[in-house]
Amino acid sequence: MALELRDLRKRFGDVAAIDGVALRIEDGEFFSLLGPSGCGKTTILRTIAGIVTPDAGAVVLGGADITRRPLHARDVTLVFQNYALFPHLTVFDNVAFGLVMRRVARAEIRTRVEEALALVRLAGLGQRYPAQVSGGQQQRVALARALVVRPSVLLLDEPLSNLDARLRDEMRGELREIQRRVGITTILVTHDIHEAFAMSDRIAVLDRGRVEQIGTPTEIYQRPRTRFVATFSGQMNEFDGVVEAVADGRASVATPAGRRVAAAVTDDAPGPGARASVMVRPERVRLDPPADADQRLDAIVESVTYLGGSIRMVARAGGDRLLADLPTGDAPPPAPGARVVLGWRTADAVLVAAG
Amino acid sequence: MRKDRIVSSLAAAAALLALAPSAALAQGKEVHLLSWGGTIQTMLEKEGWADRFKKETGYTLTLVPKATSSEIIATAIAQKGKPQVDVVLCDMVAYLQGVEQGIFATLDRAKVPNLAKMVDLAWVKDGKGVMTYVDVVGMMYQEDVFKRKGWAPPKSWADIMRPELKGQLLIPPVSNTYGVYFLIELARMNGGSEKNIDPGFEALKKLAPGVVDWTTTFAKIGTLMQGEAASLAVFGYTSGFEIRKRGTPVMPLVPVPTYMSPTVAGAMAGSPNPEGASALVNWLISEPVLAYRGERFGNTPMNREVKVTGENAERVLTGDQLKTLVNVDYDTVLAKRAEWNDRFNREIATVR
Amino acid sequence: MIWLRLFNLLMAVFMLAPLVLILWMSFTPFEMFRLPTDTLSLRWYREAFNYPGFLNAFFLSARLALVTALAASVMAFLAAYALVRFRFPGRRFFEALFLAPLLVPGVVLGIALLQYVNAIGLYNTFWALVLAHVAIVTPFALRSIQAQIRAVPEDLEWAAMNLGASRLQAMLRITVPLTARAVLAGFVLAFIISFAEVTVTIFMTGPAYPTLPVRIYNYLSDQVDPTVAAISAMLIVLSLALVLLLDRLGGLRTLAK
Amino acid sequence: MNAGARRWLPFLLLLPLTAVLCVGFLLPLIQSVENSFHGFSPRGIDRSTWTLAAYTKLFDPFYAGVFGRTLRISLIISAITAVLAYPVALYVAQLRGRAQAFLLLVYMSPWLINVVVKAFGWTLLLGPRGTINTILRTLGLTDAPVPLMFNETGVIIGLIHGHFIFVLLPLWAALAGIDPNLRWAAGNLGARPWEIFRRVTLPLSLPALMAGVIINFTMNMAAFATPALLGGTRVQVVSFLAYEVNLVDLNWPLGAAMSMVLLVATLVLVVLSQRIVASGRRRVMFEGAR
């Protein structure tokens, strides 16, 4: 079911935890709220669940305003960060809890719980207590417990943050797979960009209670609209300066050091005279750039680090420091101190207003 | 699951509880007597005197037991204006405090026929109460200890000042009825009186360092005497005999001048069952009850017609002896009670 | 460690000494509080059973303590839940009110209660005693329950509500079972304290409801025989039996969480 | 955060206990407060006049002295109890489940026996010819009996015994609840056992110790039966005097005023000590950080 947030606001004392958030999540979509800790993403999730009452704004589910609806009547289930499994109930009883609350018939509870446990690959563990299963299994119990009631929306609050790295990768895929199979509208809260990118249809990047940008993972990564989104979503080479001219979908920025850098822009980009930055992802920077790379710099290599899949080169071009992620090839990379030419395509550079 | 077993056993306990008979209050035919636990309670409930009362009058007698006269009278006063008890039986001094607060009704001679049989002395405050029996203030000493140490047995009140008895004494504090009489005697002995109590306090102050404990209850005196923590005590004469009877070798004696400590009965003003109250007061001063008190405890009945027989008969005072007793100025005692108690607490109680 | 153990043994002896002495003395053949020397006797146990008042008083006290402990632990749980889980005006006032009965001398509270209970027509009723005893034992029950509720993560309740439980259902199905030990401990403490209470009860109880401690207190006012020692000895044995029963039911370990 | 909860819900939950406490405690107490402002004569309370006489009387050095003694004795008892209870709690906390429970029961046992009867037990034990003095004499340690009763010593012994559990219980709960990892971590970082105790165990158990001591202290302040039976008139504490004033003198206004002053004084002390503990805890943590 589609879920809409309309100008949601919530203050805790002096702090605005949610500062006017408006979103629309489509039916069946996997949507992520991404941001650093303290950006208000968990508060938004708890507002949707009904644990937090907003000061202003509305939560609209499938066209119905549920802002004031008691949380137990919302049909929106939440997987808590620490899972919040009931320690005194068995895995089976934990999963059955929501069905019992909905007065589902006993026989049906049995089949549905067993289905749900099978779905998360926990068949046969129903009689154990939460303390008797592993962390990954606990996470899946929490997921089964939230899914078994067939909610309209599934909320996931950093569900993978308590797992070790390998399990996290595994669960990421599994979670996405289950979500696709069930086809449920899902909202994920996370501070991990890789998690958000790997799982989401769309992502909202949040900072200090405000939405910075909404888009597909590709859009967020390749066309960040703000400095915050650009730097939060990965490494960037930055050229700060003043916009000189905007024409034909490209803008050129003059840096204080006298360098001119260009970037592809859209209509709402900062106009001439505005302070702005041109940003380029390190993996877009090429060594000995081909002809289509119209931005070129002479630089001196400072360091080279072998990362397995790529090589991270740090180089200096005048006053600017440049990062370049180069593919590992047969040829050895240039040694520190070597003079090199680095370049990228204007289309790969983005322009954001100065923070 | 074991949690279920706990829950179910609790539930079972709760169910039992609901089924347990709640003490239903019999209405109307009930009389409440506010008095001591202890011997009175044993007499009424264990020895069947409450049943006898019911047989004789038709009323169910319920005792409201308290530990001390002060507690009895405080309970009665707390119910002032809306009493739940009918008859009060306690020590004279405390009883008079109640009279002063106006909680007692005047006894009706017609409804309490036994009043006609009482000695003149027995009238309290124009019929606001009647003395049932009296005890006298006495001393008791450890015969063995005195013999062992070669001390002469005590005979008079003055003996208590003997230097060798320092650290051997149990004396009731002024808050206790016997303590009041003892204070008055100390005052009189030293040229004072109820109206001039200073000499009494001076004497107490002299005694204070030699007092083991300012003891208020019979039970405590018994235990301390039995453990030879002390060897001379001032208390009720009958208590001395009771302790001796229980196997502690104390010898009770009654020094002259002799003070009596009366036990007074009376009806509460506005009591829920005035008829029953009259019947109970009448019964309390009747021959069988007072004869029992005399024979069992050596209490002197205030009913002229009671004949006491048995081993304790000789301890019961005769009519002539009664006339020789000291007349205490109760009006002064009453007016000064709080002041004396306060003074005792300030000047005497903590001296060692 | 050996010193700690030795010290603990010494303290245990100190704790048990007066009890052991009373137990021993209850077998005295003498008519006074006196330790038996060469012969032991059961006469005071016979006396205790011959005296009708004591047996009735025992059942009354047990009934009172049970009702008091049940009422106090349930109401203390509800109140503790409100105090822990909600922020509302007057919270500190309620917290102070629930602890205040601890601070008032029993004598004063007893007389005040006698007057008040008399005035509102509850004198000489069982429920007057329950009211007073709940007030007296609540501070003891409330504390441990409050601490235990605080130890239950609030997210567990939110999770239950999120799955469709109302707040009441979440409390009953999640918080109650998870705090059952503390509530049980509070229940036991409330029971013991109510069963032993003398100072307040002496004044306010009516004739139809003399509790066992009040009976004992009154009995000792002008008698001194060791019947009460025998009664106390039987109470000690009875509570030991109860404790063992509780242990069989698995409750003892829950007491010692 | 209290969505889903209506504003009146907490009050609804508080209602049963509050209602019971109103009838069983608050209203009687208010009546007694009212009494304390009325006049008194042997004829009873004079409800027509209002006066502060009862309170001004309490400024008398004698009453002040009784309050002082009560406070002093209560503090001594709490201090000794804290010192004695700590090692006991440490020991009990490291035992296994059942042994723990049985030992706690030993410490709870003073409550299984009537105060009055217990006082007779103490008389047999502490009296001039009681068990302890007999042992001391037999060992040749004393000739004259050591006075252990009818003085402050008796009251202190009796109340340490009677109110011990109220310090022990919270302290034990706190010590048993400390994550052993913390101690191991401290040991791993090079702390010796004594250091671990001083820097980890003690600070973590301090709030519970303080909570227990506060309950213990308030109970000492209000204790009646034990001081009366073991101390007698020689150790006059506020409750004992309140008993005499209320029952012997029947001066209820003064009795009520005494308990009001006791209640307020104890409350003030409790609040003050909680403040000090709060600031003390900050200091301990700061020290720990150094």
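The following paragraphs lead through a predicted model, beginning with chain A and passing to chains B and D.

Chain A contains eight helices and 20 strands. Its C-alpha trace extends over about 75 × 50 × 35 Å when taken along the principal axes. Of the 355 residues in chain A, 52% are buried. Contacts in chain A between residues at least 6 apart in sequence are made up, to 66%, of pairs at least 24 apart. The chain exposes about 15,600 Å², and carbon and sulfur atoms supply 48% of that area. Chain A carries 45 positive and 43 negative charges, and the mean positions of the two sets lie 4 Å apart.

One sheet of chain A can be followed strand by strand. Five strands of this chain make up an open sheet, in the order β15-β19-β16-β17-β18, with antiparallel pairing. The edges are occupied by β15 (286-287) and β18 (320-327) of chain A; each has a single partner strand, so one side of each is left without a neighbour in the sheet. In general, the strands of a sheet pair through backbone hydrogen bonds, either parallel or antiparallel.

The partner of β15(A) is strand β19 (residues 339-344) of chain A, to which β15(A) is joined by two bridges in an antiparallel arrangement. Along this pairing, A:Arg286 stands opposite A:Gly343 in β19(A), while A:Leu287 stands opposite A:Leu342 in β19(A). Strand β19(A) is also joined to β16 (residues 295-306) of chain A, through six bridges, and these two strands run antiparallel. Within that pairing, A:Gln295 has A:Trp344 of β19(A) as its bridge partner. In a regular strand, the side chains alternate between the two faces of the sheet.

Elsewhere in chain A, a helical residue offers a second point of detail. A:Leu119 belongs to helix α3 (residues 106-119) of chain A. Is A:Leu119 buried or partly exposed? Its relative accessibility is 23%, and since the cut-off for a buried residue is under 20%, A:Leu119 counts as partly exposed. Leaving aside residues up to four places away in sequence, A:Leu119 touches A:Leu147, A:Ile178, A:Arg181 and A:Val182. A:Leu143 is 24 residues from A:Leu119 along the chain, and the C-alpha atoms of the two are separated by 9.8 Å.

Chain B has 14 helices and 11 strands. The radius of gyration of chain B is 23 Å, close to the 20 Å that the globule rule gives for 352 residues, so the chain is as compact as a globular protein of that length. A box of roughly 70 × 65 × 40 Å, taken along the principal axes, is filled by the C-alpha atoms of chain B. Of the 352 residues in chain B, 61% count as buried. For contacts in chain B with a separation of 6 or more, 71% are accounted for by residues 24 or more positions apart. The exposed area of chain B is about 13,300 Å², of which carbon and sulfur atoms supply 53%. There are 41 positive and 37 negative charges in chain B, with mean positions 4 Å apart.

Helix α5 (residues 92-100) of chain B is mostly covered, with eight of its nine residues buried. The buried residues of α5(B) are B:Met92, B:Val93, B:Ala94, B:Tyr95, B:Leu96, B:Gln97, B:Gly98 and B:Val99. An α-helix has 3.6 residues a turn, so residues three or four places apart point the same way. After α5(B) comes B:Gly102, which has a positive phi, near 75 degrees.

A loop of chain B supplies a further case. B:Thr318 is located in the loop between β11 (300-301) and α13 (319-324) of chain B. With a relative accessible area of 43%, B:Thr318 is partly exposed. The C-alpha atoms of B:Thr318 and B:Pro301 are 9.6 Å apart in space, and these residues are 17 apart in sequence.

Chain D provides another loop residue, D:Gly127, which lies between α5 (115-126) and α6 (131-138) of chain D. D:Gly127 counts as buried, at 4% relative accessibility. Not counting residues up to four places away in sequence, D:Gly127 touches D:Trp122, D:Asn133 and D:Met149. Of these, D:Met149 is 22 residues from D:Gly127 in sequence and 6.2 Å from D:Gly127 in space, C-alpha to C-alpha.

Definitions and conventions
Residues are numbered from 1 along each chain as its sequence is written. Chains are lettered from A and ligands numbered from 1 in the order in which they are written. This is a predicted model: local features need pLDDT of at least 70, side-chain atom pairs count only at pLDDT 80 or more; totals for chains, interfaces and linings use all residues. Side-chain values use heavy atoms; hydrogens and water are left out. Helices (H or I, at least four residues) and strands (E, at least two) are DSSP runs, numbered from the N terminus. The radius of gyration is taken over C-alpha atoms; the globule rule is 2.2 Å times the number of residues to the power 0.38. Buried means under 20% relative accessible area, exposed over 50%, partly exposed in between (1.4 Å probe, protein chains only). Contact means heavy atoms within 4.5 Å. Accessible areas come from the Shrake-Rupley method with a 1.4 Å probe; for residues, only the protein chains shown count as cover. Lys and Arg count as positive and Asp and Glu as negative; His and the chain ends are not counted. The place of a charge is taken as NZ of Lys, CZ of Arg, CG of Asp or CD of Glu. Two strands pair if DSSP finds at least two bridges between them.
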